[in-house]
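Me: I'm new to this structure and would like a close look at a single part. Could you pick one helix and walk me through it?

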Amino acid sequence: MIRDLIRQNIRDLSPYSCARDEFSGVAEIYLDANENYKTYSINDYNRYPDPHCTLLREKLDEKLGLPFSKTVIGNGSDELIDNLIRTFCEPKEDKIIIMNPTYGAYKVFADINNVETVFVNYKPSFEIDFELLRTVISKEKNLKILFICSPNNPTGKAENYKTIEEIIKIFNGIVIVDEAYGEFSEQKSCVELISKYDNLVVLKTLSKCFAAAGIRAGIMVANEEIVKVINNMKAPYNVSASTQKEALNILEKSEQIFRQRDEIIERRNRYIKKFETLDFVKKVYKSSANFILLEVIDSGYLCKKLQNDKIIIRNRTKDLYLKNCVRITIGSEEECLAVYNAIKEVTYEKE
Ligand SMILES: Cc1ncc(COP(=O)(O)O)c(C=O)c1O
(Lines give C-alpha, C1' and ligand atoms only; values in the text may rest on other atoms or scores of the structure.)
Protein backbone atom coordinates (compact mmCIF):
# COMPACT_ATOMS: atom_id res chain seq x y z
CA MET A 1 0.00 0.00 0.00
CA ILE A 2 1.35 3.42 -0.98
CA ARG A 3 -0.05 4.94 2.24
CA ASP A 4 2.26 2.76 4.32
CA LEU A 5 5.30 4.09 2.47
CA ILE A 6 4.55 7.73 3.34
CA ARG A 7 6.28 9.23 6.39
CA GLN A 8 3.98 9.37 9.40
CA ASN A 9 4.22 13.17 9.83
CA ILE A 10 3.34 13.74 6.17
CA ARG A 11 0.44 11.29 6.40
CA ASP A 12 -0.86 13.17 9.44
CA LEU A 13 -0.29 16.63 7.94
CA SER A 14 -3.09 19.19 7.87
CA PRO A 15 -2.14 20.89 4.63
CA TYR A 16 -2.02 24.64 4.23
CA SER A 17 -5.30 25.75 2.74
CA CYS A 18 -6.36 29.01 1.20
CA ALA A 19 -9.81 30.56 0.92
CA ARG A 20 -9.78 30.10 -2.84
CA ASP A 21 -9.68 26.34 -2.38
CA GLU A 22 -13.09 26.59 -0.75
CA PHE A 23 -14.60 28.59 -3.58
CA SER A 24 -14.97 27.58 -7.19
CA GLY A 25 -15.66 30.04 -9.96
CA VAL A 26 -14.61 33.63 -10.43
CA ALA A 27 -15.33 36.14 -7.63
CA GLU A 28 -15.66 39.89 -8.10
CA ILE A 29 -13.67 40.88 -5.04
CA TYR A 30 -10.71 39.04 -3.60
CA LEU A 31 -9.75 40.26 -0.14
CA ASP A 32 -8.72 36.92 1.30
CA ALA A 33 -4.96 36.67 0.75
CA ASN A 34 -3.52 40.05 1.79
CA GLU A 35 -2.36 40.79 -1.73
CA ASN A 36 -2.22 44.30 -3.13
CA TYR A 37 -4.78 45.55 -5.64
CA LYS A 38 -3.64 46.43 -9.10
CA THR A 39 -2.04 49.87 -9.11
CA TYR A 40 1.20 50.59 -10.90
CA SER A 41 1.62 47.02 -11.91
CA ILE A 42 1.79 46.68 -15.68
CA ASN A 43 1.03 42.99 -15.60
CA ASP A 44 -1.21 40.59 -13.70
CA TYR A 45 1.23 39.62 -11.01
CA ASN A 46 -0.44 41.30 -8.04
CA ARG A 47 -2.25 38.01 -7.33
CA TYR A 48 -0.86 34.74 -5.98
CA PRO A 49 -0.62 32.10 -8.70
CA ASP A 50 -2.93 29.11 -9.02
CA PRO A 51 -1.46 26.55 -6.58
CA HIS A 52 -2.82 23.71 -8.74
CA CYS A 53 -1.52 25.03 -12.09
CA THR A 54 -4.91 24.12 -13.53
CA LEU A 55 -4.61 25.68 -16.99
CA LEU A 56 -1.09 24.39 -17.45
CA ARG A 57 -2.09 20.84 -16.48
CA GLU A 58 -5.05 20.99 -18.85
CA LYS A 59 -2.68 22.03 -21.62
CA LEU A 60 -0.24 19.21 -20.75
CA ASP A 61 -3.12 16.78 -21.04
CA GLU A 62 -4.21 18.23 -24.39
CA LYS A 63 -0.76 18.58 -25.96
CA LEU A 64 1.29 15.78 -24.41
CA GLY A 65 -1.39 13.35 -23.22
CA LEU A 66 -0.36 13.62 -19.56
CA PRO A 67 -3.60 12.87 -17.66
CA PHE A 68 -4.82 15.96 -15.78
CA SER A 69 -5.66 14.16 -12.53
CA LYS A 70 -2.24 12.50 -12.42
CA THR A 71 0.05 15.54 -12.70
CA VAL A 72 1.73 17.93 -10.27
CA ILE A 73 3.93 20.82 -11.45
CA GLY A 74 7.15 21.63 -9.65
CA ASN A 75 9.67 24.45 -9.65
CA GLY A 76 11.72 22.32 -12.03
CA SER A 77 11.77 18.55 -11.65
CA ASP A 78 14.53 19.10 -9.08
CA GLU A 79 11.91 20.40 -6.65
CA LEU A 80 9.79 17.30 -7.27
CA ILE A 81 12.79 15.02 -6.59
CA ASP A 82 13.28 16.78 -3.25
CA ASN A 83 9.55 16.63 -2.45
CA LEU A 84 9.37 12.91 -3.21
CA ILE A 85 12.34 12.14 -0.97
CA ARG A 86 10.87 14.28 1.83
CA THR A 87 7.50 12.57 1.49
CA PHE A 88 8.63 8.98 1.58
CA CYS A 89 11.95 8.90 3.43
CA GLU A 90 12.34 9.29 7.16
CA PRO A 91 15.68 11.06 7.81
CA LYS A 92 18.41 8.83 9.31
CA GLU A 93 16.21 5.79 8.80
CA ASP A 94 15.09 5.25 5.21
CA LYS A 95 17.22 4.83 2.09
CA ILE A 96 17.05 5.42 -1.63
CA ILE A 97 18.57 3.33 -4.41
CA ILE A 98 20.23 5.04 -7.30
CA MET A 99 21.93 3.53 -10.29
CA ASN A 100 25.54 4.49 -10.81
CA PRO A 101 26.61 6.53 -12.74
CA THR A 102 23.58 8.83 -13.01
CA TYR A 103 22.25 12.35 -12.44
CA GLY A 104 23.98 13.73 -9.35
CA ALA A 105 21.01 15.56 -7.83
CA TYR A 106 19.28 12.42 -6.49
CA LYS A 107 22.11 11.88 -4.01
CA VAL A 108 22.43 15.58 -3.21
CA PHE A 109 18.74 15.83 -2.28
CA ALA A 110 18.99 12.59 -0.29
CA ASP A 111 22.02 14.01 1.56
CA ILE A 112 20.21 17.28 2.28
CA ASN A 113 17.35 15.29 3.76
CA ASN A 114 19.72 13.06 5.75
CA VAL A 115 18.62 10.01 3.79
CA GLU A 116 21.15 7.33 2.90
CA THR A 117 21.89 6.50 -0.74
CA VAL A 118 22.56 2.93 -1.82
CA PHE A 119 24.33 2.74 -5.17
CA VAL A 120 23.67 -0.06 -7.63
CA ASN A 121 26.40 0.09 -10.27
CA TYR A 122 25.46 -0.43 -13.89
CA LYS A 123 27.44 -3.04 -15.78
CA PRO A 124 30.38 -1.50 -17.70
CA SER A 125 28.12 -1.69 -20.79
CA PHE A 126 25.67 0.60 -18.87
CA GLU A 127 23.09 -2.23 -18.73
CA ILE A 128 21.24 -2.65 -15.45
CA ASP A 129 22.84 -5.34 -13.31
CA PHE A 130 19.68 -7.16 -12.23
CA GLU A 131 21.56 -9.71 -10.15
CA LEU A 132 23.14 -6.94 -8.10
CA LEU A 133 19.86 -5.04 -7.90
CA ARG A 134 18.02 -8.11 -6.58
CA THR A 135 20.76 -8.72 -3.99
CA VAL A 136 20.61 -5.11 -2.79
CA ILE A 137 16.82 -5.16 -2.59
CA SER A 138 16.81 -8.36 -0.58
CA LYS A 139 19.66 -7.38 1.77
CA GLU A 140 19.09 -3.70 2.52
CA LYS A 141 16.39 -2.60 4.93
CA ASN A 142 14.18 0.52 4.77
CA LEU A 143 14.53 1.08 1.04
CA LYS A 144 11.80 3.52 0.06
CA ILE A 145 12.65 4.96 -3.36
CA LEU A 146 14.49 3.73 -6.43
CA PHE A 147 15.52 6.33 -9.02
CA ILE A 148 16.08 5.34 -12.61
CA CYS A 149 17.00 7.94 -15.16
CA SER A 150 16.06 7.07 -18.73
CA PRO A 151 17.64 8.23 -20.98
CA ASN A 152 20.35 8.34 -18.38
CA ASN A 153 22.44 11.41 -17.67
CA PRO A 154 25.41 11.26 -18.32
CA THR A 155 25.55 8.02 -20.37
CA GLY A 156 22.68 8.80 -22.77
CA LYS A 157 21.35 5.23 -22.56
CA ALA A 158 17.58 4.77 -22.59
CA GLU A 159 15.93 1.80 -20.92
CA ASN A 160 13.34 -0.32 -22.59
CA TYR A 161 9.80 -0.12 -21.22
CA LYS A 162 10.01 -3.84 -20.36
CA THR A 163 13.18 -3.33 -18.33
CA ILE A 164 11.49 -0.62 -16.29
CA GLU A 165 8.54 -2.94 -15.72
CA GLU A 166 10.94 -5.61 -14.50
CA ILE A 167 12.31 -3.15 -11.91
CA ILE A 168 8.82 -2.15 -10.76
CA LYS A 169 8.00 -5.81 -10.27
CA ILE A 170 10.94 -6.48 -7.97
CA PHE A 171 10.88 -3.26 -5.93
CA ASN A 172 8.07 -2.64 -3.48
CA GLY A 173 8.92 0.97 -2.76
CA ILE A 174 8.39 3.97 -5.06
CA VAL A 175 10.05 3.67 -8.49
CA ILE A 176 10.81 7.09 -9.95
CA VAL A 177 11.58 7.11 -13.66
CA ASP A 178 13.21 10.40 -14.63
CA GLU A 179 12.37 11.06 -18.27
CA ALA A 180 13.96 14.51 -18.43
CA TYR A 181 15.46 13.55 -21.83
CA GLY A 182 12.62 11.23 -22.89
CA GLU A 183 11.58 13.27 -25.93
CA PHE A 184 14.97 12.62 -27.56
CA SER A 185 14.67 8.86 -27.19
CA GLU A 186 13.23 6.14 -29.39
CA GLN A 187 11.99 4.29 -26.28
CA LYS A 188 8.38 4.62 -25.20
CA SER A 189 7.55 6.79 -22.17
CA CYS A 190 6.57 4.97 -18.98
CA VAL A 191 3.57 7.25 -18.39
CA GLU A 192 1.24 4.54 -19.72
CA LEU A 193 2.48 2.13 -17.04
CA ILE A 194 1.14 4.38 -14.29
CA SER A 195 -2.39 3.01 -14.58
CA LYS A 196 -0.91 -0.46 -14.06
CA TYR A 197 1.45 0.24 -11.15
CA ASP A 198 0.56 2.31 -8.05
CA ASN A 199 4.18 2.75 -7.03
CA LEU A 200 5.42 4.29 -10.29
CA VAL A 201 6.25 7.99 -10.61
CA VAL A 202 7.42 9.54 -13.91
CA LEU A 203 9.23 12.87 -13.96
CA LYS A 204 9.32 15.15 -16.97
CA THR A 205 10.54 18.68 -17.51
CA LEU A 206 10.17 21.69 -19.78
CA SER A 207 13.93 22.36 -19.36
CA LYS A 208 15.27 20.15 -22.15
CA CYS A 209 13.21 19.45 -25.28
CA PHE A 210 10.89 22.40 -24.53
CA ALA A 211 13.85 24.80 -24.31
CA ALA A 212 12.54 26.46 -21.14
CA ALA A 213 15.05 25.71 -18.37
CA GLY A 214 14.85 29.33 -17.23
CA ILE A 215 11.19 29.30 -16.26
CA ARG A 216 11.58 26.26 -13.94
CA ALA A 217 8.75 23.86 -14.70
CA GLY A 218 8.95 20.15 -13.97
CA ILE A 219 6.13 17.64 -14.15
CA MET A 220 5.37 14.68 -11.93
CA VAL A 221 3.00 12.04 -13.31
CA ALA A 222 1.70 9.46 -10.84
CA ASN A 223 -1.44 7.91 -9.43
CA GLU A 224 -3.92 10.07 -7.52
CA GLU A 225 -2.76 8.93 -4.07
CA ILE A 226 0.80 10.13 -4.71
CA VAL A 227 -0.48 13.26 -6.46
CA LYS A 228 -2.58 14.07 -3.41
CA VAL A 229 0.22 13.67 -0.91
CA ILE A 230 2.65 15.80 -2.97
CA ASN A 231 -0.03 18.48 -3.34
CA ASN A 232 -0.50 18.46 0.43
CA MET A 233 3.18 18.83 1.29
CA LYS A 234 4.49 21.09 -1.48
CA ALA A 235 4.85 24.84 -0.98
CA PRO A 236 1.41 26.14 -2.02
CA TYR A 237 2.62 28.70 -4.55
CA ASN A 238 5.65 26.80 -5.82
CA VAL A 239 5.13 27.66 -9.50
CA SER A 240 5.02 31.38 -10.24
CA ALA A 241 2.32 33.05 -12.34
CA SER A 242 4.90 34.06 -14.95
CA THR A 243 6.13 30.46 -15.20
CA GLN A 244 2.59 29.14 -15.64
CA LYS A 245 1.93 31.74 -18.33
CA GLU A 246 5.19 31.08 -20.20
CA ALA A 247 4.73 27.31 -19.98
CA LEU A 248 1.29 27.66 -21.61
CA ASN A 249 2.83 29.73 -24.41
CA ILE A 250 5.56 27.15 -24.97
CA LEU A 251 3.14 24.22 -25.07
CA GLU A 252 1.08 26.07 -27.68
CA LYS A 253 4.19 25.83 -29.86
CA SER A 254 4.57 22.07 -29.37
CA GLU A 255 4.64 21.34 -33.11
CA GLN A 256 7.58 23.72 -33.62
CA ILE A 257 9.26 22.34 -30.49
CA PHE A 258 9.02 18.79 -31.83
CA ARG A 259 10.40 19.88 -35.18
CA GLN A 260 13.38 21.40 -33.37
CA ARG A 261 13.70 18.19 -31.33
CA ASP A 262 13.92 16.21 -34.58
CA GLU A 263 16.66 18.54 -35.80
CA ILE A 264 18.58 18.01 -32.56
CA ILE A 265 18.30 14.22 -32.95
CA GLU A 266 19.51 14.42 -36.56
CA ARG A 267 22.40 16.68 -35.51
CA ARG A 268 23.27 14.40 -32.58
CA ASN A 269 23.48 11.34 -34.84
CA ARG A 270 25.53 13.22 -37.42
CA TYR A 271 27.98 14.57 -34.80
CA ILE A 272 28.39 11.13 -33.24
CA LYS A 273 29.86 10.04 -36.59
CA LYS A 274 31.90 13.25 -36.98
CA PHE A 275 33.43 13.01 -33.50
CA GLU A 276 34.42 9.41 -34.22
CA THR A 277 36.81 10.61 -36.91
CA LEU A 278 38.86 12.83 -34.56
CA ASP A 279 42.30 11.72 -33.36
CA PHE A 280 41.79 13.04 -29.84
CA VAL A 281 38.54 11.02 -29.45
CA LYS A 282 38.88 7.39 -28.39
CA LYS A 283 35.20 6.44 -28.21
CA VAL A 284 31.80 7.98 -28.86
CA TYR A 285 28.88 6.45 -26.97
CA LYS A 286 25.45 5.98 -28.49
CA SER A 287 22.98 8.52 -27.19
CA SER A 288 19.21 8.72 -26.77
CA ALA A 289 19.40 12.21 -25.28
CA ASN A 290 20.38 15.74 -26.35
CA PHE A 291 24.02 15.21 -25.45
CA ILE A 292 26.92 13.01 -26.47
CA LEU A 293 29.40 11.26 -24.22
CA LEU A 294 32.94 11.05 -25.60
CA GLU A 295 35.97 9.26 -24.27
CA VAL A 296 39.01 11.34 -25.15
CA ILE A 297 42.75 11.07 -24.61
CA ASP A 298 42.72 13.52 -21.68
CA SER A 299 39.41 15.08 -20.60
CA GLY A 300 40.93 17.62 -18.19
CA TYR A 301 43.30 18.87 -20.87
CA LEU A 302 40.47 19.12 -23.42
CA CYS A 303 38.12 21.01 -21.10
CA LYS A 304 40.85 23.52 -20.28
CA LYS A 305 41.74 24.01 -23.96
CA LEU A 306 38.08 24.59 -24.84
CA GLN A 307 37.64 27.00 -21.94
CA ASN A 308 40.40 29.11 -23.48
CA ASP A 309 38.19 29.28 -26.58
CA LYS A 310 35.26 30.22 -24.29
CA ILE A 311 33.56 26.86 -24.86
CA ILE A 312 32.25 25.00 -21.83
CA ILE A 313 31.63 21.26 -21.89
CA ARG A 314 31.27 18.89 -18.95
CA ASN A 315 34.12 16.72 -17.68
CA ARG A 316 32.67 13.44 -16.29
CA THR A 317 36.02 11.77 -15.60
CA LYS A 318 35.26 11.19 -11.92
CA ASP A 319 32.14 9.10 -12.62
CA LEU A 320 32.24 5.31 -12.53
CA TYR A 321 33.49 3.87 -15.88
CA LEU A 322 33.84 7.38 -17.31
CA LYS A 323 37.55 8.07 -16.99
CA ASN A 324 38.49 10.79 -19.51
CA CYS A 325 34.89 11.17 -20.65
CA VAL A 326 33.27 14.48 -21.50
CA ARG A 327 29.59 15.21 -22.00
CA ILE A 328 28.73 17.64 -24.79
CA THR A 329 25.23 19.08 -25.19
CA ILE A 330 23.86 19.22 -28.72
CA GLY A 331 23.42 22.93 -29.33
CA SER A 332 22.82 24.78 -32.59
CA GLU A 333 24.69 23.72 -35.75
CA GLU A 334 27.13 26.61 -35.28
CA GLU A 335 27.80 25.66 -31.66
CA CYS A 336 28.36 22.00 -32.48
CA LEU A 337 30.65 22.88 -35.36
CA ALA A 338 32.66 25.21 -33.11
CA VAL A 339 33.21 22.38 -30.58
CA TYR A 340 34.05 19.93 -33.33
CA ASN A 341 36.62 22.29 -34.88
CA ALA A 342 38.10 23.08 -31.48
CA ILE A 343 38.57 19.37 -30.67
CA LYS A 344 39.95 18.74 -34.14
CA GLU A 345 42.63 21.34 -33.53
CA VAL A 346 43.78 19.87 -30.21
CA THR A 347 47.35 18.79 -30.53
CA TYR A 348 48.20 16.87 -27.46
CA GLU A 349 51.39 17.55 -25.64
CA LYS A 350 51.08 16.36 -22.06
CA GLU A 351 51.90 19.19 -19.64
C1 LIG B 1 18.14 13.61 -15.43
C2 LIG B 1 17.75 14.96 -15.01
N3 LIG B 1 16.66 15.13 -14.26
C4 LIG B 1 16.27 16.35 -13.85
C5 LIG B 1 17.00 17.47 -14.18
C6 LIG B 1 16.56 18.79 -13.65
O7 LIG B 1 15.54 19.28 -14.43
P8 LIG B 1 14.76 20.62 -14.05
O9 LIG B 1 15.38 21.71 -14.83
O10 LIG B 1 13.35 20.33 -14.47
O11 LIG B 1 14.88 20.83 -12.57
C12 LIG B 1 18.14 17.35 -14.95
C13 LIG B 1 18.94 18.53 -15.31
O14 LIG B 1 19.97 18.52 -15.91
C15 LIG B 1 18.53 16.06 -15.38
O16 LIG B 1 19.64 15.87 -16.10
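Reply: Here is a look at helix 5 and its surroundings, with a little background to start. This is a predicted model, so to speak of local features a pLDDT of at least 70 is needed, side-chain atom pairs count only at pLDDT 80 or more, and totals for chains, interfaces and linings use all residues. Residues are numbered from 1 along each chain as its sequence is written.

The protein has 12 helices and 11 strands; these are DSSP runs numbered from the N terminus, with helices being H or I over at least four residues and strands E over at least two. Of the 351 residues, 38% are buried, meaning that 20 or more other C-beta atoms, placed from the backbone, lie within 10 Å of a residue's own.

Now for the helix. Helix 5 covers residues 105-112, and its buried residues are Tyr-106, Phe-109 and Ala-110. Looking down the axis of helix 5, you'd find these residues within an arc of 105°, so they line one face of the helix; the arc is that of the directions from the helix axis to the C-beta atoms. In general, an α-helix has 3.6 residues a turn, so residues three or four places apart point the same way.

What sits over those buried residues? The cover includes helix 4 (76-88), along with strand 2 (95-100), strand 3 (116-121) and strand 4 (143-149). Just past the end of helix 5, Asn-114 has a positive phi of about 60°.

As for the wider setting, the domain assignment, which is automatic or from a database, gives domain 1 (2-252) and domain 2 (255-344).

Key. A residue is buried if 20 or more other C-beta atoms lie within 10 Å of its own, exposed if 12 or fewer, and partly exposed in between; C-beta atoms are placed from the backbone. Two residues are in contact if their C-beta atoms, placed from the backbone, lie within 7 Å.
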